[in-house]
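Thanks for coming. I will go through one structure today, starting with a cavity, then a pocket, then two single residues.

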Amino acid sequence: MLAEIKGINEECGVFGIWGHEKAAEITYYGLHALQHRGQDGAGVVATDGKKLKLHKGLGLVNDVFKHAKFDELQGRAAIGHVRYATQGDGGYDNVQPLLFRSQNGSLALAHNGNIMNGHKLRGKLEQEGSILQTSSDTEVLAHLIKRSISDDYEEAIMEALRQLVGAYAFIILKEDAMYIATDPRGLRPLSLGRLGDSYVAASESCAFDLVGATLEREVEPGELVIINKDGIRTRTFHEPEPRTMCAMEYVYLSRPDSDINRVNVHASRKKMGVELAREASIDADVVTGVPDSSISAAIGYAEEIGLPYEMGIIKNRYVGRTFIQPSQELREQGVKMKLSPVRGIVEGKRVIMIDDSIVRGTTSRRIVRMLKEAGAKEVHVRIASPSLQHPCYYGIDMSTRDELIAANNTIDEIAEIIGADSLAYLSEEGLERAIVREDLPNQGICKACFTGEYPVKERGQKEIEYTRL
Ligand code: AMP
Ligand code: SF4
């Protein structure tokens, strides 16, 4: 039920390669580099030019492909996907790429984002006689392409994409071509690169580094890239609007070694720390960060105020993520198992603790308590992004407004709830300065979860509130 209101979230990673004899294996390696974007399912579809073959499953890339027979995934083109499932949409059928077979050829799709009008389009398609097999919005695009009246496949894809409202990065594979597209605002990241004579595409450039490819550029808003035996071409399926790349990609989601829209993620996080220090510094003895996503910002903060950055908190790498646990009790337990304080560093000290964001407040509350139990004299929490007060409609699992601690409490109240001696967030301007490069064109960012100003709205969207059902 939640999925119906919220739309299915596809906070995931996609990868594609065209023109390489080991396409499926390279895709598998690429998915490893994107594993942080989704741990609930993974899959690869490869084509030898005649057929599309699929291998997918629930779980981590390593587990899904442990017994995969790569000689059955032969061919010079492949696409892959890692999936982050939200509550209620975690089944095998929704694991991507989705593969559709029909008499006049097959079609595989890998998608990251959220189609805001997905449920409406689904209703319309069903009324018109389509039978949808999954609860994934990705399938909607496949049906729209199939139902297009155009005989020209490219036109059919463009016509289908024009009907979607939302944030998306798609890689589509047919026997004879690969199609790559992002929404007219370019909300979700999708990069293009080269590996020798082959073309590659991925949610993040860290996947290129792993397979030895070089990053060429970001897919432009409203652009459809077509790759086939004749090479690479580009078309515009929608008049591009100013880009609004998701700011949370820089704050939390992406890997620090990725470049998103020509800006390195680690460098932007470090700048967030610098900006935060300029806006909200305080007398203290050490600066520490919550591993892993806050370390870059903590280093920037420490450098700016001239204090050492110390490893005051250690992460156990073998514990799964805590954010999505179904109950608060399990989430609390998850944080405890995942993070531990380093007594020798924090004992008797005034500690500045940097985190990238506060969603429900579980992590900060637990860590402040942990640091104090380990002997910290004071714990000052500094958040390297503005306060999260609004839900994301563009595919990032941000919990409901009811659960967003900053939507319902003042900064002082939050400080009290998490037990911090003081609390400050980065300003919106500070965030903008840390990410946006004035010397490059079209560098706009989406900050809707901080500001409530949504760059893409579906008609009636305002009334659709995120409620936990
Ligand atoms: P919470 O414990 O609910 O306040 O969540 C805050 C922590 O979750 C922060 O330390 C972030 O690193 C992380 N985080 C922020 N946004 C997300 C997201 N969309 N999905 C998963 N984790 C997130
Ligand atoms: Fe990213 Fe927030 Fe915009 Fe969603 S609302 S796309 S999380 S910046």
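Domain 1 (9-259) and domain 2 (268-432) each give at least three residues to the lining of the second largest cavity. Please keep in mind that this is a predicted model. The structure holds four cavities of 30 Å³ or more, and the second largest encloses about 100 Å³ of space.

Which residues sit closest to the centre of this second largest cavity? They are Cys246, Cys392, Tyr394, Cys446 and Cys449, out of 17 lining residues. Two elements give two or more residues to this lining, namely helix H8 (247-253) and helix H17 (448-451). H17 has the largest share of the lining, with three residues. Sorted by class, the lining of the second largest cavity comes to 15 nonpolar residues, two charged ones and no polar ones.

Next, the pocket. The second largest pocket has a volume of about 330 Å³. It is lined by 20 residues, and the ones closest to its centre are Ser102, Asn104, Ile145, Lys146 and Tyr153. The elements that give two or more residues to the lining of this pocket are strand E5 (98-102), strand E6, helix H5 (137-147) and helix H6 (153-162). Which of these gives the most? That is H5, with four residues. By class, the lining of the second largest pocket has eight polar, seven nonpolar and five charged residues.

Strand E6 brings me to the first of the single residues. Histidine 111 lies in E6, which covers residues 105-115. Is histidine 111 buried or exposed? Its relative accessibility is 0%, so histidine 111 counts as buried; the cut-off for buried is under 20%. The side chain of histidine 111 makes a polar contact of 3.1 Å with the side chain of threonine 138.

The other single residue is cysteine 12. Where does cysteine 12 lie in the chain? It is in the loop between helix H1 (2-6) and strand E1 (13-18). UniProt, in an unreviewed entry, places the feature "active site" at Cys12. That annotation comes from the record, and such annotations may be inferred rather than shown by experiment. In the model, cysteine 12 counts as buried because its relative accessibility is 0%.

To recap the linings: the second largest cavity has 15 nonpolar residues in its lining, while the second largest pocket has seven. For the single residues, histidine 111 is buried at 0%, and cysteine 12 is buried at 0%. I will stop there.

Methods: Residues are numbered from 1 along each chain as its sequence is written. Chains are lettered from A and ligands numbered from 1 in the order in which they are written. This is a predicted model: local features need pLDDT of at least 70, side-chain atom pairs count only at pLDDT 80 or more; totals for chains, interfaces and linings use all residues. Side-chain values use heavy atoms; hydrogens and water are left out. Buried means under 20% relative accessible area, exposed over 50%, partly exposed in between (1.4 Å probe, protein chains only). A polar contact is a pair of N or O atoms within 3.5 Å; within protein, one must be able to donate a hydrogen and the other to accept it, and residues adjacent in sequence count only if both atoms are side-chain atoms. On a 1 Å grid over the protein atoms alone, a cavity is a set of points where a 1.4 Å probe fits but cannot get out, and a pocket is an open set with protein on both sides within 12 Å along at least five of seven lines; lining residues have an atom within 4 Å of a point. Grid points are joined across faces, edges and corners, and a volume is the space filled by probe spheres set on the points. Ala, Val, Leu, Ile, Met, Phe, Trp, Tyr, Cys and Pro count as nonpolar, Asp, Glu, Lys and Arg as charged, and the others, Gly among them, as polar. Domain bounds come from an automatic or database domain assignment.
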